[in-house]
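These are my notebook entries on one chain, set down in the order in which I looked things up. The structure is shown first, and the entries follow.

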Amino acid sequence: MQAKARTAKAVQTQTQFVVINEQQVLVNTEVHKAYNLIVDAATEQLRKFDLAKYRTYATVDHVKNEYKSNMISEHLNYFWNITLSNSKDGRSFIFIDLGAEALERFGSGLTNIFLRKAYEITQSNDNTSGIEYALRVNFREADQHHNFFYRRVAEGENNYVSIATVDKLES
């Protein structure tokens, strides 16, 4: 009888839900808006290229993914991986992973322009803490970044992954 009681006590359900205050909900909303603007800026940068390979991107809606995680949305292209996710305490973050191969092949100009825009979008203009905390930039080895990007494209679209190619910018 005691064994059953111990087993029942040891098996406790856990939840992934975190209660956050109203102020954090407002801040997270701003981070989500910033993520969308950063993705728009990234997509616009892709329009400069002649080859469709460099203008192709994948969007992952992790909310629809059956393997639930703290990730919300993700934009992958040849150059960058931009991820919107929540921390364990309920705060939203934007991660930008830079790939080494793109920097080596095309130089840092394209990435510098993109990062300036990302920092501008998340910058506080009224001397408050705002959402500056939310932007995190990481450097990834070329094979890590590109393998993930190419795998997403090769696997194709499904209920949570969409793939698109932006039109080339007409000069």
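**Entry 1: a buried ring pair.** I began with two aromatic residues and noted that Trp80 and Phe114 are both buried. The model is a predicted one, and I read every value below as computed from it. I then looked up the geometry of these two rings: Trp80 and Phe114 form a stacked aromatic pair, with 4.2 Å from centre to centre and 25° between the planes. I recorded where each partner sits, Trp80 in strand β3 and Phe114 in helix α5; the pair links distant parts of the chain, 34 residues apart.

**Entry 2: other rings.** I searched the whole structure for aromatic pairs and found 13. One of them is Tyr78 with Phe79, whose ring centres lie 5.1 Å apart with the planes at 80°, so I entered the pair as edge-to-face. Tyr78 and Phe79 are both buried. I next asked which residues the ring pairs link into a cluster. The cluster consists of Phe49, Tyr54, Tyr78, Phe79, Trp80, Phe106 and Phe114.

**Entry 3: the chain as a whole.** I counted 6 helices and 6 strands in the chain. Their order from the N terminus is α-α-α-β-β-β-β-α-α-β-α-β. The chain has 171 residues, and buried residues make up 39% of them. I also took the contacts between residues at least 6 apart in sequence: 65% of these join residues at least 24 apart.

**Entry 4: the sheet.** I traced an open sheet of 6 strands in the order β5-β4-β3-β2-β1-β6, and its pairing is mixed. The edge strands, each paired on one side only, are β5 (135-140) and β6 (161-165). From one strand to the next the twist averages 15°.

**Entry 5: strand pairings.** I went through three of the pairings in turn.

- β1 (residues 56-61) and β2 (residues 71-77) run antiparallel and are joined by 5 bridges; Tyr57 stands opposite Asn77 in β2.
- β2 and β3 also pair in the antiparallel sense, over 5 bridges. The bridge partner of Glu74 in β3 is Thr83, and a hairpin joins β2 to β3 through 2 residues.
- β3 and β4 pair in the antiparallel sense over 7 bridges, with Asn81 opposite Asp97 in β4. Their hairpin has 5 residues between the strands, and there Gly90 takes a positive phi near 95°.

I then asked how many residues of β3 are buried. The count is 6 of 7, and I noted the strand as mostly covered.

**Entry 6: helices on the sheet.** I looked up which strands helix α2 (residues 22-46) lies across, and listed β1, β2, β3 (80-86), β4 (92-99) and β5. The helix α2 runs at about 170° to β3. Helix α5 (residues 109-122) packs on the sheet as well, where α5 touches β3, β4 and β5, and its direction makes about 170° with that of β4.

I checked the span of α2 separately. With 25 residues, α2 reaches 37 Å from its first C-alpha to its last, close to the 36 Å expected at 1.5 Å a residue. At the N-terminal end of α2 I found a cap, Asn21, of which a side-chain oxygen lies 3.1 Å from the backbone nitrogen of Gln23.

**Entry 7: Thr111.** I returned to helix α5, where Thr111 has its place. Is Thr111 buried or exposed? Its relative accessible area is 6%, and the cut-off for buried is under 20%, so Thr111 counts as buried. Not counting residues up to four places away in sequence, Thr111 touches Trp80, Leu98 and Leu103. Trp80 is also the stacked partner of Phe114.

**Entry 8: His146.** My last look-up was His146, found in helix α6 (residues 142-155). The relative accessibility of His146 is 4%, so I entered this residue as buried too. Which residues is His146 in contact with, leaving aside its neighbours within four places in sequence? They are Tyr78, Glu101 and Ala102. I also took the separation of His146 from Phe79: 67 residues in sequence and 8.5 Å in space, C-alpha to C-alpha. Tyr78 and Phe79 are the two rings of the edge-to-face pair in Entry 2, and both belong to the cluster listed there.

Terms used
Residues are numbered from 1 along each chain as its sequence is written. This is a predicted model: local features need pLDDT of at least 70, side-chain atom pairs count only at pLDDT 80 or more; totals for chains, interfaces and linings use all residues. Side-chain values use heavy atoms; hydrogens and water are left out. Two strands pair if DSSP finds at least two bridges between them. Helices (H or I, at least four residues) and strands (E, at least two) are DSSP runs, numbered from the N terminus. Axes are lines fitted to C-alpha atoms, for helices over the stretch in contact, and angles run from 0 to 180 degrees between N-to-C directions. Contact means heavy atoms within 4.5 Å. The expected span of a helix is 1.5 Å times one less than its number of residues. A polar contact is a pair of N or O atoms within 3.5 Å; within protein, one must be able to donate a hydrogen and the other to accept it, and residues adjacent in sequence count only if both atoms are side-chain atoms. Rings of Phe, Tyr and Trp (its six-membered ring) pair if their centres lie within 6.5 Å; planes under 30 degrees apart count as stacked, over 60 as edge-to-face and the rest as tilted. Buried means under 20% relative accessible area, exposed over 50%, partly exposed in between (1.4 Å probe, protein chains only).
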